[in-house]
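Here is a quick tour for anyone meeting this structure for the first time. Have a look at it, then read on.

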Amino acid sequence: MRYIGRLLCMALMLLSLTPVLASAETKDDGGKKTIDLQSILMGHIKDSYEWHVTDVNGKPIVIPLPVIVYSSTGWHVFLSSEFAHNADASGNRPGPYGLYIANNAKYENKICEKVGGIEKRPVLDLSVTKTVCVLFIDAIILIICVLIPARWCRKHKVDDPAPKGFVGLVHMFVMSVYDDVVKPTLGKDADKYAPYLLTCFFFIFIANVMGVVPFPPGGGNLTGNITCTMFLALCTFIITNVTGTKAYWKEIFWPDVPLALKFPMPLMPFIEFFSIFTKPLSLMIRLFANMMAGHAIALSLSCIIFIMFAINVIAGTAMTVVSVLMSIFMMLLELLVCYIQALVFTMLSAVFISLAHVKEHAVENAK
């Protein structure tokens, strides 16, 4: 088993290098070929209207995705393969119905059109981009991970032997998060908020792990997209403040501090009110930054090979071994980070919800 594990790690590492090897773009720098590192990194991290898998003999292997837009000429539905793969003289990728994928600072990699000679975005862009496609895939996997253990629970009694295999693994994660995070933090309100918190944990964990898998249906950096983490943080923000108690809001707008800090200059109420927004902001940025940084580091370590080979063959050969070993280490570390970040988001969400359920102080109750 030990050797099988090593072989699996090496195979996974080689698979992760394949897209980078295939898409290692070069550019001329005064007659000398150099590696376009920025293009490689941003090409794997940014969202797109197609799913680029790899290149074979210079030909891209791309999974086309549905494009759904409402432009100045009406509704249009087609596949992203109808956009030209190579850019025209203006740097844009032309497509049907006067649409094109722009390549400028304002609308980079976005579908645009010319209306009266002015470049504009379509009125509505409901296209299924790579991030949206990965979101659907992760949601389907999450549903499967929930329904299979739920089916087992319906067919067994509480005093039956513990499940094994996949169902036992899911049960272990559920009980671990519930007993170690949700219940100690929320106490008697644990059962009320456990469904949301467990959903957050499993969705983030699955999205993180699928982002580490280097081939479809994995490879999408979903939690490395700040829009996704913003939505998750917004859900926690809404639940926290909508279900907050009167004592919670009282401590925000009229905290138990000296009157000089509340009137005439409401310093403490302002700070407390501002903290309402900083909490979800920290959730959003922490998850986004950690996952995007891990993805970028793994790609950067792979690109070291091409950079060193551009210097000379000896340096490239020596750094290949170092780069592969470091990349394997980073990938194993990234798997640990996938779990830790999901757990941290769940734990902080539970803490914020718990703080919003603060009760009146014992002294005030005695009065």
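In what sense do strand E5 and E11 pair, and over how many bridges? Strand E5, covering residues 66-71, pairs with E11 in the antiparallel sense, over two bridges. Bear in mind as you read that this is a predicted model.

**The sheet**

Zoom out a little and you find an open sheet of three strands, running in the order E6-E5-E11 with antiparallel pairing. Strand E6 (74-79) and strand E11 (124-125) are its edge strands, since each pairs on one side only. In general, strands of a sheet pair through backbone hydrogen bonds. For a spot to look at, try Val69, which stands opposite Asp125 in E11.

**Aromatic pairs**

Next come the rings. The count of aromatic pairs comes to 17. Two of them are set side by side here:

| Pair | Centre to centre | Angle between planes | Kind |
|---|---|---|---|
| Phe78 and Tyr97 | 5.8 Å | 45° | tilted |
| Phe253 and Phe273 | 5.9 Å | 40° | tilted |

Why does the pair of Phe78 and Tyr97 count as tilted? Its planes are at 45°, and tilted covers whatever is neither under 30 degrees nor over 60, so the label fits. This pair links distant parts of the chain: Phe78 sits in strand E6, while Tyr97 is in the loop between strand E7 (93-94) and strand E8 (99-101), 19 residues apart. Phe78 is buried, at a relative accessible area of 6%, whereas Tyr97 is partly exposed, at 47%.

The pair of Phe253 and Phe273 also links distant parts of the chain, with Phe253 in helix H7 (residues 246-253) and Phe273 in helix H8 (residues 267-311), 20 residues apart. Phe253 is partly exposed, with a relative accessible area of 45%, and Phe273 counts as partly exposed too, at 34%. Both belong to one aromatic cluster, together with Phe237, Tyr248, Trp249 and Phe277.

**Nonpolar cores**

Now for the inside. The largest nonpolar core has 48 residues, and those with the most contacts inside it include Val182, Leu186 and Phe345. Among the elements giving two or more residues to this core are helix H3 (130-155), helix H4 (165-186) and helix H9 (313-355). Which element gives the most to this core? That is H5, with 16 residues.

Leu186 makes a handy example: leaving out residues up to four places away in sequence, Leu186 touches Tyr193, Leu197, Ala350, Ile353 and Ser354. Apart from the largest core lies another one, of eight residues, among them Val67, Val69, Phe83 and Ile111.

Conventions: Residues numbered from 1 in each chain as written. Predicted model: local features only at pLDDT ≥ 70, side-chain atom pairs only at ≥ 80, totals over all residues. Heavy atoms only, no water. Pairing = 2+ DSSP bridges. Helix = DSSP H or I, 4+ residues; strand = E, 2+ residues; numbered from the N terminus. Phe/Tyr/Trp six-rings, centres within 6.5 Å; stacked < 30°, edge-to-face > 60°. Buried < 20%, exposed > 50% of the residue type's maximum accessible area, 1.4 Å probe, protein only. Core = buried A, V, L, I, M, F, W, Y, C linked by side-chain atoms within 4.5 Å. Contact = heavy atoms within 4.5 Å.
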